[in-house]
Amino acid sequence: MLCGAVRFTQALIRTSKEAPADASGTSHVLLTRAGMIRKVGAGIYDYLPLGLRVLRKIEGIVRAEMSAAGALEVLLPALLPAEYFQETGRYTGFGDTLLRLKDRKGAEYHLGPTHEEIITDLVRREVKSYRELPLNLYQVQTKFRDEARPRAGLLRCREFLMKDAYSFDVDEAGAKASYEKMRVAYNRIFTRLGLDYRMVSADSGAMGGSTSAEFQVLTQSGEDAIAVSDGSDYAANLEVAAAADPRASPPAREAPLARERVHTPGHGTIEDIARFLKTEPSRFLKSLVYLAVRAEASADPERHGGVETVMVVVRGDHEVNEIKLARALGAAEVFLANPQAVEDATGARVGFAGPVGFKGKIIVDRDAAVVARGVTGANETDHHLVNVEHGRDYDGEVADVRNVVDGDASPDGAGRLKIYRGIEAGHIFILGTHYSAKMGATYLGEDGLAHPIVMGCYGIGVSRLVATAVEQHHDEDGISWPMPIAPYHVHLVTLGMDEAILAAGRTLEAELVAKGVEVLWDDRDERPGVKFKDADLLGVPLRVTLGGKGLASGVVELKRRSDRSKAFDALPIATAADEIARRVREALG
């Protein structure tokens with residue numbers, strides 16, 4: 001239970017008009033100016049008292065919902081022997097992100113960036129029978145990742161606080177049931193935090209596994225793009241978002257024309273060629289040469305010889321989605337070929353590649369496959385082909401390999417897609433046996449045989465949520481915390497140092513605390529303007545002002561931080577505590 005009241009004159013609250021020169025991003029600036037965090041090093045921060053209260057409230061909500069969903073809390077070490085990540089191949093797979101060290105005996109260790117291996121090891125030692133499953137274990141623990149470019153304060157750190165939960169089941173059906181429990185719990189968590197969010201389909205990435213969803217907090221400063229249907233619940237990260245398949249209801253096709261070769265000297269970009277040929281970019285078959293690395297070759301492609309040259313064809317007004325492309329190819333990674341590799345593969349400079357006559361593998365995006373009378377490179381410098389048709393002039397495997405755009409038809413047939421920006425605050429996966437099979441985490445089934453445990457993984461960036469809330473809830477004057485995670489519920493401002501005012505402040509403070517209201521009292525001998533500026537910056541949801549005029553009239557002024565007007569409610573001093581407590585309870589839900 002957090003302390004019910006604190007006074008400015010007794011608290012470590014150091015606000016400032018300006019943020020440090022290296023502060024980047026709204027939340028970084030405001031949290032620093034409000035004296036809630038202080039930078040120790042790149043991506044490493046102190047939490048001062050007010051910032052720590054926000055962090056602890058977020059933790060409390062997360063813990064409460066995890067417990068309500070049946071998860072059991074554990075605490076795993078942050079300092080990890082290398083052998084566990086070596087079992088799964090992630091000791092090298094994490095690359096420079098892993099913070100490695102050696103003890104005095106020369107043994108290899110690292111700081112934990114995530115804990116799948118450690119929790120799997122715990123369960124393989126403790127769980128033996130199907131009767132002990134299902135099981136869900138979680139922790140709130142510090143993680144360490146050597147980010148190449150720590151940025152935006154708490155949004156991209158090298159040391160951060162995370163809640164990670166792991167479910168263990170006997171089969172896929174059980175894992176899906178555990179996943180569903182976590183989905184419900186996560187929706188409750190983000191709703192209780194007072195955040196505008198969307199659950200979106202996502203890519204599992206380096207964690208492995210199959211079913212995956214992100215919880216994206218909507219804010220224009222977000223680094224992620226998400227696609228949301230305006231006619232249904234469909235939402236997905238741009239990495240995996242799909243539009244309706246144009247082949248299901250193709251547009252009326254124009255009658256094919258004979259393919260022609262056109263001289264296009266010095267025009268290598270789609271914009272240049274579109275002007276030169278007086279046509280639209282949507283008519284173009286943009287042809288890009290990629291190198292695809294097979295999964296088994298990713299660690300050493302030269303030794304394995306596992307690199308394939310691929311041409312990818314998308315419509316001229318679309319962009320390749322490399323995550324989708326890698327999945328379509330079954331590749332560990334894909335990357336654009338350099339100019340020399342493009343010329344070696346096509347016989348022409350960059351800008352003049354095309355699928356007609358190309359000798360290698362071709363992947364054609366679904367929208368490109370239905371383009372009629374297309375324009376594309378002729379694989380000859382300064383030349384293009386017009387009136388090109390898929391299936392007549394060139395072949396290739398058709399797949400969804402592009403980014404969706406605003407206005408695309410939703411894949412479920414309901415509405416159109418709109419692109420939003422968001423910050424990933426949570427991620428849930430079904431991992432399957434990705435880790436348990438590698439590490440020998442098995443249970444003895446009813447059939448008397450050993451089976452690998454089916455796992456799920458569920459993460460929330462607890463410290464990231466402090467910054468995320470600020471990114472979504474702020475204005476030009478400062479932070480505007482949602483009530484459930486605000487450092488205090490009420491910011492009491494007394495104007496003047498007259499003993500009668502201070503006595504009334506002490507009485508109101510005591511009455512509010514007795515009713516369960518948390519109070520930050522600005523009892524400083526400062527000008528009203530300074531106090532009001534600090535109140536706006538700190539962002540406590542309700543501001544109660546008590547001054548000489550109000551005291552003489554028997555009223556206090558109550559104002560919501562989120563209300564940008566100058567209006568306020570005048571409450572009788574005798575009943576003010578009751579009304580303020582009622583509004584706090586209402587805001588807390």
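Me: Given that helices (H or I, at least four residues) and strands (E, at least two) are DSSP runs numbered from the N terminus, where is D382 found?

Reply: D382 is found in the loop between β19 (374–377) and β20 (383–388), and its phi is near 70°, a positive value in a residue other than glycine. This is a predicted model, in which local features need pLDDT of at least 70 and side-chain atom pairs count only at pLDDT 80 or more, while totals for chains, interfaces and linings use all residues. Residues are numbered from 1 along each chain as its sequence is written, and side-chain values use heavy atoms, with hydrogens and water left out.

Me: How many helices and strands does the protein have, and what are its spans along the principal axes?

Reply: The secondary structure comes to 17 helices and 32 strands, and the C-alpha trace spans about 95 × 65 × 45 Å along the principal axes. Of the contacts (heavy atoms within 4.5 Å) between residues at least 6 apart in sequence, 71% join residues at least 24 apart.

Me: Why is K278 called exposed, and what is its phi?

Reply: The term exposed applies over 50% relative accessible area, buried applies under 20%, and partly exposed covers what is in between (1.4 Å probe, protein chains only). The value for K278 is 74%, so K278 is exposed. K278 lies in the loop between α7 (270–277) and β15 (285–294), where it has a positive phi of about 55° although it is not a glycine.

Me: What makes S282 partly exposed, and which residues is it in contact with beyond its neighbours within four places in sequence?

Reply: S282, which lies in the loop between α7 and β15, has a relative accessible area of 31%, so it is partly exposed. Its contacts, leaving aside neighbours within four places in sequence, are with R315, D317 and V371. The C-alpha atoms of S282 and I270, 12 residues apart along the chain, are separated by 9.8 Å.

Me: How many disulfides does the structure hold, and why are C157 and C457 called buried?

Reply: The structure holds 0 disulfides. For C157, the nearest cysteine sulfur is that of C457, 20 Å away, and for C457 the nearest is that of C157, again 20 Å away. A disulfide is a pair of cysteine sulfur atoms within 2.5 Å, so neither C157 nor C457 is in one. C157 counts as buried because its relative accessibility is 5%, and C457 is buried because its relative accessible area is likewise 5%. Over the whole protein, buried residues make up 51% of the 589 residues.

Me: What makes an enclosed space a cavity, and how many of 30 Å³ or more does the structure hold?

Reply: A cavity is a set of points, on a 1 Å grid over the protein atoms alone, where a 1.4 Å probe fits but cannot get out, and its lining residues have an atom within 4 Å of a point. The structure holds 2 cavities of 30 Å³ or more, and, with volume taken as the space filled by probe spheres set on the points, the largest has about 70 Å³. It is lined by H491, A535, D536, V540, P541, L542, R543, K559, R560 and R561. The elements that give two or more residues to this lining are α15 (528–538), β30 (542–546) and β31 (555–560).

Me: Which residues line the second largest cavity, and how does its lining divide by class?

Reply: The second largest cavity, with a volume of about 40 Å³, is lined by R151, L155, S221, G222, E223, I423 and R464. Its lining has 2 nonpolar, 2 polar and 3 charged residues, where Ala, Val, Leu, Ile, Met, Phe, Trp, Tyr, Cys and Pro count as nonpolar, Asp, Glu, Lys and Arg as charged, and the others, Gly among them, as polar. The lining of the largest cavity divides into 4 nonpolar, 1 polar and 5 charged.

Me: Which residues of α15 are buried, and what do they pack against?

Reply: The buried residues of α15 are K531, D534, A535, D536, L537 and L538. They pack against α1 (26–33), α2 (49–68), β27 (478–479), β28 (490–494), β29 (519–522) and β30. Just after α15, G539 takes a positive phi of about 80°.

Me: Which residues does a cis peptide bond join?

Reply: A cis peptide bond, with omega about 5°, joins L133 and P134, and P134 has its place in the loop between α5 (116–126) and β8 (135–144).

Technical notes: 1 Å grid on protein atoms, 1.4 Å probe; cavity = no way out; pocket = protein on both sides within 12 Å on 5 of 7 lines; lining within 4 Å.
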